[in-house]
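Biologist: I would like to take a close look at a single part of this model, and I would be glad of a careful walk through its charged side chains.

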Amino acid sequence: YIVYMTHDGSTFPSLSEIRALADQYGVAYDTEKSQWEDNHIFSPYERVIYMNCLDAMVGVDFAISVHVNANAQSEDISGFDLDYCAQNDWSAESRVFAQALKDKLQSAYPDSNLWYYEDSWDEAFIVTKFNTMPSALLETGYYTNPEDVENLKKKSWRDSLMQRVAEAIDTVFTED
């Protein structure tokens with residue numbers, strides 16, 4: 001598989017670069033979106049437009065948006081959140097991947113919490129509903145939970161988690 005990172009944690013394309021790519025490849029975008037600002041923050045809307053540009057450029061089979069969650073009310077909340085948009089053109093394909101990843105996470109981390117959401121259009125995250133390809137969003141833990149933080153600091157734990165993601169991708173793309 002070829003993996004394209006849209007954001008490495010510190011660098012990302014500028015708003016003008018994203019717009020230029022979108023215009024060059026005929027990717028639709030809404031210039032009136034409030035998230036569309038040249039403020040050195042890679043907003044979810046900018047990220048999804050950039051993903052759609054990559055799709056137009058190279059043909060992306062699937063997008064997974066990987067994050068770390070937070071809960072300001074309680075440091076006891078921990079575990080994974082897995083979301084996909086259940087009401088767009090890619091829902092069926094997104095569901096197959098999300099279910100495969102859910103199974104892999106439950107098997108590998110049986111003592112961890114896992115929240116699984118089949119989001120309606122109104123509930124879905126921007127990065128799962130405005131894509132031009134199947135997609136899912138994975139929250140890898142809570143930075144407000146001390147145990148999750150310790151896990152996320154460990155390269156071996158992160159590698160193991162991403163291995164589960166790779167296995168889910170492999171399951172989906174080798175079933176054909």
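Biologist: Is Glu167 buried, partly exposed or exposed, and what is its relative accessible area?

Modeller: This is a predicted model, in which local features need pLDDT of at least 70 and side-chain atom pairs count only at pLDDT 80 or more, while totals for chains, interfaces and linings use all residues. Residues are numbered from 1 along each chain as its sequence is written, and side-chain values use heavy atoms, with hydrogens and water left out. Glu167 is partly exposed, with a relative accessible area of 25%, where buried means under 20%, exposed over 50% and partly exposed in between, for a 1.4 Å probe and protein chains only. Glu167 forms a salt bridge with Arg164, their closest N and O atoms being 3.0 Å apart; the term stands for a side-chain nitrogen of Lys or Arg within 4 Å of a carboxyl oxygen of Asp or Glu. Arg164, with a relative accessible area of 15%, is buried. The two residues are three apart in helix α6, a separation of about one helical turn, and helices here are DSSP runs (H or I, at least four residues) numbered from the N terminus.

Helix α6, which covers residues 155–173, also holds Lys155 and Asp159, four residues apart. Lys155 and Asp159 form a salt bridge as well, with 2.7 Å between the closest N and O atoms; Lys155 is exposed at 53%, whereas Asp159 is partly exposed at 42%. Across the whole structure, the search finds three salt bridges, including one between Lys153 and Glu150, which both lie in helix α5.
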